[in-house]
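Got the viewer open? Here is a short tour, with something to select at each stop.

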Amino acid sequence: MTTTIAMVKRNMKLYLRDKTSVFFSMLTILIIIALNICFLSKTNIDSLNDMLPGRSAEAKSLIYALVFAGISYTATVTVPLGVLSTMVSDQDHFKMKAFFTSPASRISFVLGYLGSTILAGITLSFLTFFLSLILLYVLCGVTLSISTVTLILGYLIINVLCNSCLVFFMTSFIKTQGSYTALNIIVGTLIGFLSGIYLPIGMLPKAVQSVLRVLPSMHGSTLLRSAFSKDLTADFFHGADASIIADYKNYMGITISINGHTLTNTALFLILTISGILFLIGSVIITEKKHASDR
């Protein structure tokens with residue numbers, strides 16, 4: 001345990017000291033903010049105004065809530081991936097091999113890398129979320145209830161845990177800084193599409209929708225969208241037919257339906273938990289095999 005705690009502290013310090021890694025962790029978030037402020041938000045707001053005229057304020061609040069849900073989700077992916085630059089650097093400079101040949105157990109070092117990833121992910125995801133709350137109030141005059149804020153914090157934690165295990169699994173295949181940089185660019189580029197942030201899932205071809213609906217990234221972002229927009233969706237669609245509301249939620253990725261059955265938030269939560277466990281097991285197995293072959 002002492003070794004694990006020491007590794008967590010070391011990795012956190014190295015990550016925060018590396019301004020490039022921190023910048024790339026937040027780059028996708030900045031891109032999402034810029035795209036939505038300049039283009040995407042207006043398009044979605046206009047679409048709602050065409051659907052139910054005379055509710056422009058409610059439409060703006062709903063769309064911006066969905067935007068900030070996406071921004072908060074993105075941090076749960078990009079920050080953990082950024083922290084793992086330390087692990088890749090250690091491997092590239094043969095420090096990891098030295099760690100693994102020390103008297104301390106190998107799992108202590110693995111948990112140290114994963115622990116720092118989770119800690120940084122939770123910390124910066126929470127920071128991103130609270131900044132989103134401030135912007136949502138400044139731009140739309142909307143405040144979320146304490147119960148909603150608590151629920152979102154819980155959803156952020158499960159997303160960080162799942163995504164930390166996922167990116168740890170992906171990074172376990174990486175051996176050089178160049179490969180890691182390529183992975184960072186690919187993930188940063190795709191995450192907005194794979195989680196339905198850049199484009200609503202309903203705008204995509206049916207085949208693409210079918211693929212996205214089974215991905216953990218879509219499940220995690222859906223949890224946050226549902227929590228962020230719950231009250232605001234009710235406000236905007238007040239008096240509207242239930243089928244219209246259900247169709248809109250599916251279109252925007254506020255809910256996920258598979259074969260006509262809408263997945264509950266509890267089901268999504270469980271899927272993320274199981275996915276995280278499977279990715280963690282896979283990471284440990286790959287790490288063990290990789291370093292056993294290096295001996």
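We begin with the whole chain and then go from stop to stop.

**The whole chain**

Keep in mind that this is a predicted model. Colour it by secondary structure first: you should find 12 helices and 2 strands. Walk along from the N terminus and the order of elements is α-α-α-α-α-α-α-α-α-α-α-β-β-α.

Now zoom out. Along the principal axes, the C-alpha atoms fill a box of roughly 70 × 40 × 35 Å. The radius of gyration is 20 Å, and a compact globule with 295 residues would come in near 19 Å, so the two agree.

Switch on the surface. About 13900 Å² of the protein is exposed, and 70% of that comes from carbon and sulfur atoms. Of the 295 residues, 48% count as buried. If you like contact maps, take those contacts with a separation of 6 or more: 79% of them join residues 24 or more positions apart.

Colour by charge next. There are 20 positive and 12 negative side chains. Where do the centres of the two sets lie? They are 12 Å apart.

**Stop 1: Ser21**

Select Ser21, which you'll find in helix H2 (residues 19-51). Is Ser21 buried or exposed? Its relative accessibility is 10%, so Ser21 counts as buried. Show what surrounds it: leaving aside neighbours within four places in sequence, Ser21 is in contact with Tyr15, Gly82 and Ser85. For a sense of scale, draw a distance from the C-alpha of Ser21 to that of Phe169; the separation is 19 Å, with the two positions 148 residues apart along the chain.

**Stop 2: Thr171**

Jump to helix H7 (residues 146-171) and pick Thr171. This one is buried too, with a relative accessible area of 1%. Which residues does Thr171 touch, not counting those up to four places away in sequence? Show Leu81, Leu84, Met87, Val88 and Leu183 as sticks and you have them.

**Stop 3: the aromatic pairs**

Time to display the rings. The structure holds 8 aromatic pairs. Start with Phe129 and Phe228, an edge-to-face pair at 5.7 Å centre to centre and with 90 degrees between the planes. Phe129 sits in helix H6 (residues 106-140) and Phe228 in helix H10 (residues 216-236), so this pair ties together parts that are 99 residues apart in sequence. Both Phe129 and Phe228 are buried. Add Phe130 to the selection, and you have one aromatic cluster made of Phe129, Phe130 and Phe228.

Then move over to Phe193 and Tyr198. Why is this pair edge-to-face? The planes of the rings stand at 75 degrees, which is past the cut-off of 60, and the ring centres are 4.8 Å apart. The two partners see the surface in their own ways: Phe193 is partly exposed, at 41% relative accessible area, whereas Tyr198 counts as buried, at 10%.

**Stop 4: Leu223**

Go back to helix H10 and select Leu223. With 0% relative accessibility, Leu223 counts as buried. Which residues is Leu223 in contact with, once neighbours within four places in sequence are left aside? Tyr155, Asn265, Leu268, Phe269 and Leu272 make up the list. Try a C-alpha distance here as well: Leu223 and Asn159 are separated by 9.2 Å, though 64 residues apart along the chain.

**Stop 5: the strands and the loop after them**

From Leu223, draw another C-alpha distance, this time to Thr264. The two are separated by 9.3 Å and lie 41 residues apart along the chain. Thr264 has its place in the loop between S2 and helix H12 (265-294). It is partly exposed, with a relative accessibility of 47%.

Finish at Asn259, in the loop between strand S1 (257-258) and strand S2 (261-262). Is Asn259 buried or exposed? At 73% relative accessibility, Asn259 counts as exposed. Look at the backbone before you leave: Asn259 is not a glycine, and yet it has a positive phi of about 55 degrees.

Note on methods:
Residues are numbered from 1 along each chain as its sequence is written. This is a predicted model: local features need pLDDT of at least 70, side-chain atom pairs count only at pLDDT 80 or more; totals for chains, interfaces and linings use all residues. Side-chain values use heavy atoms; hydrogens and water are left out. Helices (H or I, at least four residues) and strands (E, at least two) are DSSP runs, numbered from the N terminus. The radius of gyration is taken over C-alpha atoms; the globule rule is 2.2 Å times the number of residues to the power 0.38. Buried means under 20% relative accessible area, exposed over 50%, partly exposed in between (1.4 Å probe, protein chains only). Contact means heavy atoms within 4.5 Å. Accessible areas come from the Shrake-Rupley method with a 1.4 Å probe; for residues, only the protein chains shown count as cover. Lys and Arg count as positive and Asp and Glu as negative; His and the chain ends are not counted. The place of a charge is taken as NZ of Lys, CZ of Arg, CG of Asp or CD of Glu. Rings of Phe, Tyr and Trp (its six-membered ring) pair if their centres lie within 6.5 Å; planes under 30 degrees apart count as stacked, over 60 as edge-to-face and the rest as tilted.
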